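Grab a pencil and work through these exercises one by one. Each task comes with a worked solution, so try it yourself before reading on.

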Amino acid sequence: MDRYVVFGNPIGHSKSPMIHKLFAEQTGQQLDYSTLLAPLDDFVGCATVFFQEGCGANVTVPFKEDAYRLANRLTDRARLAGAVNTLSKLADGSLLGDNTDGAGLVRDLTVNAGFSLTGKRILLLGAGGAVRGALEPLLAERPASVIIANRTVDKAERLAELFGDLGPVSASGFDWLREPVDVIINATSASLTGDVPPIVASLIEPGQTLCYDMMYGKEPTAFCRWASEHGAAVSMDGLGMLAEQAAEAFFLWRGVRPDTAPVLAELRRQLAL
Ligand code: ATR
């Protein structure tokens with residue numbers, strides 16, 4: 001049977017095996033998908049052994065940059081992201097590195113939430129790997145502007161410079177911003193500690209602005225609660241992005257696009273248990 005894994009460390013709580021099992025059942029594909037705990041100091045050795053037999057892999061924290069270096073070829077979006085979350089073994093045995101995270105975010109916003117990003121003012125909070133992975137797919141939707149705001153402003157400036165050729169992108173500190181935007185995407189890790197980045201509520205146009213947290217949990221995240229309290233039209237967490245990045249990887253490997261709706265419903269149900 002065709003073998004797939006998700007590499008990470010830690011990896012025990014990954015939802016990817018369940019997601020891909022449901023995708024495989026739904027599409028009638030025969031495959032085996034499991035977790036693979038790679039040692040922190042030897043991702044390359046572990047991946048090389050796996051790919052002697054294995055067909056493809058997802059890659060999560062902390063190995064996305066290692067996977068980027070391991071890949072023999074990269075998709076454009078992976079090259080721009082500087083990180084790989086999906087590896088696919090090609091017919092000649094070489095490894096193609098892709099990054100489906102940003103595409104998953106865009107699909108969750110545009111398809112699942114039915115929210116067009118074209119002509120919109122987008123504010124991205126954070127300037128780490130999650131923002132870097134999201135920038136090219138977001139700019140491809142032709143927004144009016146993308147502002148990257150970060151605690152460490154020079155990291156935001158570096159990203160704005162790196163992506164400047166692809167669209168209207170600029171950098172900012174959190175406390176420089178006052179004017180409402182159409183979309184606020186939280187890609188900081190502040191939610192992990194229950195914090196909200198220090199931005200003013202006037203950035204939300206009540207009843208208009210969509211707020212999105214890349215994190216998710218059993219309860220609404222601190223950022224989603226903050227957004228709802230200040231009148232955001234929509235406040236979404238990142239569970240849909242998780243399902244969509246997986247669907248994009250499944251499509252790359254199998255050439256079939258699964259329907260994410262029932263899988264997302266099952267993920268939501270299990271999260272609530
Ligand atoms: P990821 O790969 O998930 O993006 P990362 O590269 O470690 O993770 O980036 C984490 C991001 O969250 C950074 O933008 C970080 O800000 P700094 O660049 O200033 O460190 C941001 N961040 C983490 N904790 C935060 C907090 N409590 N408030 C605001 N921003 C925070």
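**Exercise 1. Count the aromatic pairs in this predicted model, then describe the one between Phe 7 and Phe 43**.

Step 1: set the rule. Rings of Phe, Tyr and Trp (its six-membered ring) pair if their centres lie within 6.5 Å; planes under 30 degrees apart are stacked, over 60 edge-to-face, and the rest tilted.

Step 2: count. The structure has eight such pairs.

Step 3: classify. Phe 7 and Phe 43 sit 5.2 Å apart, centre to centre, with 80° between the planes, which is edge-to-face.

Step 4: place the rings. Phe 7 belongs to strand β1 (residues 2–8) and Phe 43 to helix α2 (residues 43–50), so the pair ties together parts 36 residues apart in sequence. Helices (H or I, at least four residues) and strands (E, at least two) are DSSP runs, numbered from the N terminus.

Two ground rules before you go on. Residues are numbered from 1 along each chain as its sequence is written, and side-chain values use heavy atoms, with hydrogens and water left out. As this is a predicted model, local features need pLDDT of at least 70 and side-chain atom pairs count only at pLDDT 80 or more, while totals for chains, interfaces and linings use all residues.

**Exercise 2. Find how many salt bridges the whole structure holds, and work out what Arg 77 pairs with**.

Step 1: recall the idea. Side chains of opposite charge can pair when their charged atoms come close. Here the test is a side-chain nitrogen of Lys or Arg within 4 Å of a carboxyl oxygen of Asp or Glu.

Step 2: search. The whole structure gives 14 salt bridges.

Step 3: zoom in. Arg 77 bridges to Asp 98, and their closest N and O atoms are 2.7 Å apart. That links helix α4 (residues 76–81), home of Arg 77, to strand β6 (residues 95–98), home of Asp 98, across 21 residues.

**Exercise 3. Describe how domain 1 and domain 2 meet**.

Step 1: draw the bounds. Domain 1 covers 2–99, and domain 2 covers 102–108 + 115–238; these bounds come from an automatic or database domain assignment.

Step 2: check the spacing. Taken over C-alpha atoms, the domain centres are 27 Å apart. Seven residues from domain 1 and eight residues from domain 2 make the contact (heavy atoms within 4.5 Å).

Step 3: add up the area. About 590 Å² is buried between the two domains, 59% of it on carbon and sulfur atoms; this is the accessible area (1.4 Å probe) that two parts lose on being put together, summed over both. On the domain 1 side, Arg 77, Leu 80 and Ala 81 lose the most, together 69% of what that side buries.

Step 4: look for salt bridges. The rule finds zero across this interface.

**Exercise 4. Spot the backbone oddities**.

Step 1: know the norm. Most residues other than glycine have a negative phi, and most peptide bonds are trans.

Step 2: check the prolines. Asn 9 and Pro 10 are joined by a cis peptide bond with omega about 5°, and Pro 10 is in the loop between β1 and α1 (16–27). The bond from Val 61 to Pro 62 is also cis, omega near 0°, with Pro 62 in the loop between β3 (56–59) and α3 (64–70).

Step 3: check phi. Arg 142, not a glycine, has a positive phi of about 55°. Arg 142 lies in the loop between α6 (129–139) and β8 (145–149).
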